[in-house]
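Please consider the cysteines and the aromatic rings of the protein shown here. The explanation below takes these two topics in turn.

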Amino acid sequence: MTEESLLKNPHVGLPNPEPETLRCSLVKGDYLFYHYGCDGHDDRGWGCGYRTLQTLSSWLCLNGPQQQNQKAAPSITDIQEYLIVLGDKPATFLGCREWIGTCEAAMILDHHHDVPCRILHVRAGGSEMEGVAEELHHHFRINGSPVMMGGDRDNSSKGILGVCTGVQGSYLLVLDPHYYGPSLDTGEVQRLGWVVWKRVDSLDHNSFYNLCLPQTARK
């Protein structure tokens, strides 16, 4: 599978999570859906952070300054090499199956795209995350990019494509990179739940979360 065959914007057409929506803020512009094995590299069980990072990078490639349009999202090998060059990882990191998180993603986006990121730490899911909804509304309104999210107990990387606040609370639009298999169309991705609205209070109340927010408005 090549970058040209990756699915673009699989959230488009997904209904709002509840009929009485008070406010909904979504990613602006195009991005590509990177997931397990999408480039022929079998990274099941450890590569979700790389794939979410690649999705964020694809947004910067497609929507960033003119010079970014000539770039491609870095491969898993590229990401590992960058982290070694930047001094974050030892030389033995190249070719390993060690996962990466939001802090490594921020380093790569700064290095590869010259875009700084803000790391937002949330001590727990549930009510703590509910309080972050307003910050995410602000991010999508001002910066427009996808967000990367990961945690400790809930250590599965997720792409966040939007936030919706309704009378029953807030929801995150989650893009799940854990899909492995042949290409899917937008309808299949939505029907199978690889892109889905999730109630904020459904997140693990015993896990902290870190969010990586690219600060594109500064560029």
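The following paragraphs treat the cysteines, then the aromatic rings and the charges placed over them. The model is predicted, and the statements below should be read with this in mind.

How many disulfides does the structure hold? The count comes to zero. A disulfide requires a pair of cysteine sulfur atoms within 2.5 Å, and two cysteines illustrate how this requirement fails. For C38, the closest cysteine sulfur belongs to C48 and lies 13 Å away, so the separation is too far for a bond. For C61, the closest cysteine sulfur is that of C117, again at 13 Å, which is too far for a bond.

The surroundings of these cysteines may also be described. Is C38 buried or exposed? C38 has a relative accessibility of 1% and therefore counts as buried. C61 is likewise buried, its relative accessible area being 8%.

Attention now turns to the aromatic rings. The structure contains two aromatic pairs. One of them is formed by W46 and Y50 in an edge-to-face arrangement, with 5.7 Å from centre to centre and an angle of 85° between the planes. An angle over 60 degrees is what places a pair in the edge-to-face class. Both W46 and Y50 are buried.

Which residues lie over the face of an aromatic ring? R44 is placed over the face of Y180, at 3.8 Å from the ring centre. K89 is placed over the face of F93, where the distance to the ring centre is 5.4 Å.

Key
Residues numbered from 1 in each chain as written. Predicted model: local features only at pLDDT ≥ 70, side-chain atom pairs only at ≥ 80, totals over all residues. Heavy atoms only, no water. Buried < 20%, exposed > 50% of the residue type's maximum accessible area, 1.4 Å probe, protein only. Phe/Tyr/Trp six-rings, centres within 6.5 Å; stacked < 30°, edge-to-face > 60°. Lys NZ or Arg CZ within 6 Å of the ring centre and 35° of its normal.
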